[in-house]
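Trainee: Could you take me through the largest pocket in this model, what lines it and where that lining comes from? And while you're at it, please add a word on any disulfide.

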Amino acid sequence: MIKVKRLWPLGAAVIVLLLIFEWRPWYSGPEAQQASSAPQEIQIDSSSIDVAKQDIRAQLSAVTYNTIASELPARISELPFKEGQSFKVGQVLVVFECATQQAQFQKTKAVLGIAERNYQTNKKLLTLGSVGRIEYENSYSEYLKAKAENDELASVMARCNILAPYSGLVVEQKVRPQQYVQAGQALIDILDNSALELEFVAPSKWSPWLVTDYKFEIKIDETGKSYPAKVTRVNGKIDSISQTIKAAAVIDGDFKELSPGMSGVLVIEPPTTSTTN
């Protein structure tokens, strides 16, 4: 009886050690690592089950945007259009004070008239033998010189008024009337608001069907409405880290309420596949 009582604690200790060895809480082998990482893998997969339901935002921007700069040093006489006002192609955007250039142009124009008359007179006299060849050629050279000077001043006069290269609106005035500017100085920023572009980043899984002219919609935050759009270009390179691809589109239509800077969420549906027998 005494021997049984002494062996009981020893047997219990052996059983406890066997249980601990079987459990092995300190073990971090492949099975334990796989078990600990299983929830993370499930989360990654669930986020990419349906990429078409992702919210992709984009901002509207003008396709054509320019900064008009001065081509000559002069004082600004007039800026017909203020910020936010629209203009048509060919209208005057900037008027310079060119009184000096105008006077020089009139002078070269008068000199050109004299040189041309001398040249034409000597040309007729040469056929009659009343003037020598050298005198005729000198008058012709004087005529060409006067014409070149007149053409140069005419080019300067053409830069006294800056015309709109396209229809659009004035975004920012960088100068004011009566201000003297240097050649190359920025004057105004303009943009063409008739064609609005939007750039966005899409999942790379869309690349098989997200191609040029693919149509979709964008819901603009500022208006609360949806507008049709179509893809204009898709970057041929996929970002392997983020698994995304860059694309660009334009608003498919003329909507006066839209302006650059507005943003919204793209509503893109993958193409429906149909089978034919």
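Mentor: Sure, pocket first: the largest one comes out at a volume of about 240 Å³, and keep in mind that we're looking at a predicted model. It is lined by 15 residues, and the ones closest to its centre are Ser-86, Gly-168, Asn-193, Ser-194 and Lys-256. If you want to trace the lining back to secondary structure, three strands each give two or more residues to it: E3 (86–87), E6 (168–173) and E8 (186–203). Of these, E8 supplies the largest share, with 3 residues. As for chemistry, the lining splits into 6 polar, 5 nonpolar and 4 charged residues.

Now the disulfide. Searching the whole structure turns up 1 of them, and the partners are Cys-98 and Cys-160, with 2.0 Å from S to S. In general terms, that's a covalent bond between the sulfur atoms of two cysteines. Cys-98 sits in the loop between strand E4 (92–97) and helix H3 (99–128), while Cys-160 sits in the loop between helix H4 (133–158) and strand E5 (161–163), so the link ties together parts that are 62 residues apart in sequence. For the geometry, the angle about the S-S bond is -110 degrees, which makes the link of Cys-98 and Cys-160 left-handed. Wondering about exposure? Cys-98 and Cys-160 are both buried.

Key
Residues are numbered from 1 along each chain as its sequence is written. This is a predicted model: local features need pLDDT of at least 70, side-chain atom pairs count only at pLDDT 80 or more; totals for chains, interfaces and linings use all residues. Side-chain values use heavy atoms; hydrogens and water are left out. On a 1 Å grid over the protein atoms alone, a cavity is a set of points where a 1.4 Å probe fits but cannot get out, and a pocket is an open set with protein on both sides within 12 Å along at least five of seven lines; lining residues have an atom within 4 Å of a point. Grid points are joined across faces, edges and corners, and a volume is the space filled by probe spheres set on the points. Helices (H or I, at least four residues) and strands (E, at least two) are DSSP runs, numbered from the N terminus. Ala, Val, Leu, Ile, Met, Phe, Trp, Tyr, Cys and Pro count as nonpolar, Asp, Glu, Lys and Arg as charged, and the others, Gly among them, as polar. A disulfide is a pair of cysteine sulfur atoms within 2.5 Å. Buried means under 20% relative accessible area, exposed over 50%, partly exposed in between (1.4 Å probe, protein chains only).
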